[in-house]
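Got the viewer open and no idea where to click? Come along for a short tour, one selection at a time.

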Amino acid sequence: VVDADRSYLSGLPELRLAIDRQRAGDLGIPVETVSQTVNALMAGQDVTTFNSVSDQYDVILMAEDAFRRTPDTLAAATVRTASGELVPLRNLVTFNEGEGPGSINRLNRQRQISVFANWAPESSQAEAQQVMQAAFAGLGMAPGYQLVPSGQSQELDRAIYYFGVAFVLSFIFMYMVLAAQFESFIHPITILLTLPVAVPFGLLASLLFGQNLNIYSALGVLLLFGIVKKNAILQVAHTIGLRAQGLARHEAIMQANRDRLRPILMTTLALVAGMMPLVVSSGPGSATNRSIGILVAGGQSLCLLLTLLAVPVFYSLFDDAAQSPAWARIAGTWSRISIPWTARWRAAREGAHTS
C-alpha cells in the first residue's frame with residue numbers, strides 16, 4: 001500500500017476529572033450535576049435566547065477565561081448539595097493531567113479508528129486488503145476489537161458477494177432456457193461446461209497484460225460467458241439438426257464444425273475489434289476500460305480454440321451418457337413425473353384457445 005494514514009491523533013494534553021462517588025453520594029450530589037456543571041463552565045451551555053428587533057441571539061452560559069484557565073481556578077467552582085449548601089469541586093473530584101485523542105469517531109455506536117491507504121501500482125485492491133488483514137491479525141488485539149472494511153474495501157466485499165449470486169443465477173437461468181430450446185436436459189450441460197473453462201482464459205489474459213482484477217473485470221467475465229456460450233450453441237444446435245437429417249454422429253460433428261467455423265471466427269474477430277478502443281484507451285477512466293477490454297478480448301481469443309475442439313468432445317461424451325442405462329432410468333422417472341403436468345398444461349391451453 002501507499003499513502004497510508006490514520007484518523008487517530010494522540011498526544012493532545014487533557015485534564016481528567018475523577019469523581020469521588022462515595023463522597024458525592026453522602027452529600028446528595030448526583031454525578032450528573034457535577035458533569036453538567038463542568039460542561040457549562042468549560043464548553044458553555046445554551047440557556048435562553050435574546051431578541052433584538054428582528055434578530056435573535058443565543059445566550060450561552062460559560063465561565064470567564066480567568067476562571068477556567070487552570071485546574072485550581074476550575075476547582076473553585078461550586079455545586080449545590082441536597083440540603084442547599086455549596087460545595088467546591090475540589091472536595092468532590094480529583095484532577096489528573098494526561099494525553100488523549102484529538103477526536104473520538106464512532107461507527108454503529110462503537111469507537112473506531114480509520115486507516116486510509118491506496119494500493120500500490122504493482123498490486124491490486126484485493127491484495128492490499130489481504131495485507132491489511134494480516135497486519136491486523138499480527139497485532140494480537142484484545143477481544144472486542146475487530147477490523148471492519150469501509151469505503152472501496154466494503155464495496156469490493158459487497159460486489160464479490162453479489163457477483164457470486166449473479167454467477168450462480170446465470171447458470172440456472174441459462175440451463176432453463178437451453179433446456180426449453182433443445183427440449184433436452186443433457187445437451188444444455190454440454191454447452192454450459194464451456195463456461196467454467198472460459199474463466200481461466202479470461203484471468204490469464206489479464207495476467208499476461210498486467211491488469212488488476214476488480215468489479216469491472218467481474219462484469220467482463222459475465223460478458224465472456226455470453227459470447228462463449230453462443231459459439232457452443234452454434235455447434236451443438238447444428239450438430240443436432242444434421243443428425244435429425246440422418247447423418248451419423250461423427251459425420252454430423254465434423255460437418256457442423258466445418259459449417260460453423262466461419263460464423264464463429266466472424267463473431268470472435270468482431271468482438272475483439274469492438275474491444276480495441278477500450279484496450280488502447282487513455283485518459284481518465286482508462287484503467288477501468290482497459291481491464292474489462294483486455295479480459296473480454298483476450299479471454300475470447302484464447303477460448304476460440306476451446307470452442308472449436310472441446311465442444312465436440314463434450315457433445316460426444318454426453319451423447320454416450322444419454323444412451324446409457326443409468327440415464328434411461330433417470331429420464332424414465334422424470335418423464336413419469338413431468339408427463340401428467342405436461343398433459344394438464346396442454347389441455348388448459350387447448351381449452352383456452354377453444355373458448
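What follows is a list of stops, each with something to select and a note on what is there. Keep in mind along the way that this is a predicted model.

**Stop 1: the largest pocket**

Start by selecting I113, S114, V115, L147 and V148, the lining residues that lie nearest the centre of the largest pocket. The space in this pocket comes to about 1400 Å³, and 38 residues line it. Now colour β8 (105-107), β9 (110-112), β10 (115-118), α4 (125-137) and α5 (152-182): each of them gives at least two residues to the lining. Which of these elements supplies the largest share? That's α4, with seven residues. Colour the lining by class and you'll get 20 nonpolar, 17 polar and one charged residues.

**Stop 2: a turn-off between two strands**

Staying with β8 and β9, click on N108 in the loop between them. Its phi is near 55 degrees, a positive value, and N108 is not a glycine. That's worth a pause, because most residues other than glycine have a negative phi. N108 counts as exposed because its relative accessible area is 68%, and exposed means over 50%.

For another case, select V53, in the loop between β3 (45-52) and β4 (55-61). V53 isn't a glycine either, yet its phi is positive, about 55 degrees. Is V53 buried or exposed? With 87% relative accessibility, it counts as exposed.

**Stop 3: a nonpolar patch**

Switch to a surface view and select Y161, Y162, V165, V168, L169, I172, F173 and M176. Together they make a nonpolar surface patch of about 810 Å². One of them, L169, sits in helix α5, an element you already met at the pocket, where it supplies at least two lining residues. L169 has 38% relative accessibility, so it counts as partly exposed.

**Stop 4: a long ruler**

Next, find A43 in the loop between α2 (31-42) and β3. A43 is exposed, at 53% relative accessibility. Draw a distance from its C-alpha to that of A237: the two are 79 Å apart in space and 194 residues apart in sequence.

**Stop 5: the cavity**

Select Q235, V236, T239, I253, N257, V311, P312 and Y315, which line the largest cavity. How many cavities of 30 Å³ or more does the structure hold? Just one, and the volume of the largest is about 40 Å³. Three helices each supply at least two residues of its lining: α8 (215-244), α9 (249-279) and α10 (286-322). The lining divides into five nonpolar residues, three polar and no charged ones.

**Stop 6: a salt-bridge network**

The structure has six salt bridges, and the last stop visits some of them. Show the side chains of D319 and R243, whose closest N and O atoms are 3.0 Å apart in a salt bridge. This pair links distant parts of the chain, with D319 in helix α10 and R243 in helix α8, 76 residues apart. D319 is buried, at 9% relative accessible area, whereas R243 is partly exposed at 28%.

Add R249, which also meets D319 in a salt bridge (3.0 Å, N to O). R249 is in helix α9, 70 residues away from D319 in the chain. Finally add D320: its salt bridge with R249 has closest N and O atoms 2.4 Å apart. R249 lies in α9 and D320 in α10, so this pair ties together parts 71 residues apart in sequence. With all of these on screen, you're looking at one network, in which shared partners join R243, R249, D319 and D320.

Notes
Residues are numbered from 1 along each chain as its sequence is written. This is a predicted model: local features need pLDDT of at least 70, side-chain atom pairs count only at pLDDT 80 or more; totals for chains, interfaces and linings use all residues. Side-chain values use heavy atoms; hydrogens and water are left out. On a 1 Å grid over the protein atoms alone, a cavity is a set of points where a 1.4 Å probe fits but cannot get out, and a pocket is an open set with protein on both sides within 12 Å along at least five of seven lines; lining residues have an atom within 4 Å of a point. Grid points are joined across faces, edges and corners, and a volume is the space filled by probe spheres set on the points. Helices (H or I, at least four residues) and strands (E, at least two) are DSSP runs, numbered from the N terminus. Ala, Val, Leu, Ile, Met, Phe, Trp, Tyr, Cys and Pro count as nonpolar, Asp, Glu, Lys and Arg as charged, and the others, Gly among them, as polar. Patches are made of residues with over 30% relative accessible area and no salt bridge: like charges are joined within 9 Å, nonpolar side chains (Val, Leu, Ile, Met, Phe, Trp, Tyr) within 5 Å. Accessible areas come from the Shrake-Rupley method with a 1.4 Å probe; for residues, only the protein chains shown count as cover. A salt bridge is a side-chain nitrogen of Lys or Arg within 4 Å of a carboxyl oxygen of Asp or Glu. Buried means under 20% relative accessible area, exposed over 50%, partly exposed in between (1.4 Å probe, protein chains only).
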